[in-house]
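Visitor: Could you walk me through this one, and tell me how each label gets earned?

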Amino acid sequence: MSILKLAPACKDYLWGGTKLITDYGKQYTGERLAETWELSCHPDGLSVIAEGPDAGKTLMDYLAAHPEALGKRGQCSAEFPILIKLIDAAEDLSVQVHPDNAYARVHEGQSGKTEMWYILSAEPDSFLYCGFERDVSKEEFARRIADGTLLEILHRVKVKAGDAVFIPAGTIHAIRRGIMVAEVQQSSNVTYRVCDYGRLDADGKPRTLHIAQALDVTRRSSGVPTPDFGGHLACCECFTVDLLTAPQRTVCGEESFLSLLVLNGEGTVACGGETVAVRKGESLFLSAGSGEVRFSGSLRVLAARV
């Protein structure tokens, strides 16, 4: 098959809400749903083929049997290269940082994490923390973590629906309450919490912080890099992300598979003699070399490839 519809892994972290269930149609019976891992071969949450002759298989198992589906770039990676999520931040996420590849492979046995966020919705006056307002020494960084004044020197970024934010590995950041995000990232689940506002977990204990690791990996210069992505939402050595709206077309070439995440609307995706009906919140995987991809209806789609 050229087109695989995927079912996500679901995560019920304590800061999650209900919009992924009510607004995005996710099948989940818990009280809250924080994240859905829409495209994932990470062992902490595998996406599963939802329809067709391979229904019930994990995407990881499918790709083990069909490695050519990854494409030339995808096959160059030791592990599946990207992970795509929907995130509902009903409450603030922790202030955190992710390591780069070099640090993560030595200390965590997996890739580092560069990511980008596409803002799906945001309450009025919503903002993110992303980077520092000014250059900060390692000593000051450590002191402010210890005395609870770290938030005073973090850079605030006001956001609204349709904004895109690129977050290189080593950038301190936090998604704030009232924001929904589609996230494209390296396939990694390494997060170093720096500040969690004194919250307690389900067992009534403070959540673990990772101060020593954060001091090692955090970039402490002011601001956040704003590279020219050449018309893409994001483009780096890890992934390229575009926003497509029906009736636009794109091509899934030999170099990489194509991930399609439907952000809004409903319609069809046609490729290689197949036509699949899709709606808001659904995720598709197209094997490398599938050729021209055509969209119909009212679809707005996040397209990602290696």
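**The largest pocket, a buried serine and an open sheet**

Guide: Sure, and keep in mind that this is a predicted model. Let's start with the largest pocket: its lining has 21 residues, and Tyr 13, Trp 15, Glu 35, Gln 96 and Thr 191 lie nearest its centre. The elements giving two or more residues to that lining are β3 (35-39), β7 (82-89) and β9 (115-122).

Visitor: How much space lies in the largest pocket?

Guide: About 370 Å³. As for the character of the lining, the residues split into 7 nonpolar, 7 polar and 7 charged.

Visitor: Why does Ser 259 count as buried?

Guide: Its relative accessibility is 1%. Buried means under 20%, so with 1% Ser 259 counts as buried.

Visitor: Where is Ser 259 found, and what is Ser 259 in contact with?

Guide: Ser 259 is in strand β19, which covers residues 258-264. Leaving aside neighbours within four places in sequence, Ser 259 is in contact with Leu 39, Ile 84, Leu 284, Leu 302, Ala 303 and Ala 304. For a contact, heavy atoms have to come within 4.5 Å.

Visitor: What is the order of strands in the open sheet of 7 strands?

Guide: The order runs β6-β1-β22-β19-β24-β17-β16, with antiparallel pairing.

Visitor: What makes β6 and β16 edge strands?

Guide: Each of them, β6 (48-49) and β16 (234-235), pairs on one side only.

Visitor: How do you know that β1 and β22 pair?

Guide: A pair needs at least two bridges. Strand β1 (residues 3-7) and strand β22 (residues 283-286) have 4 bridges, in the antiparallel sense, so they count as paired. Within β22, Leu 284 stands opposite Lys 5.

Notes
Residues numbered from 1 in each chain as written. Predicted model: local features only at pLDDT ≥ 70, side-chain atom pairs only at ≥ 80, totals over all residues. Heavy atoms only, no water. 1 Å grid on protein atoms, 1.4 Å probe; cavity = no way out; pocket = protein on both sides within 12 Å on 5 of 7 lines; lining within 4 Å. Points joined across faces, edges and corners; volume = space filled by probe spheres on them. Nonpolar A, V, L, I, M, F, W, Y, C, P; charged D, E, K, R; others polar. Buried < 20%, exposed > 50% of the residue type's maximum accessible area, 1.4 Å probe, protein only.
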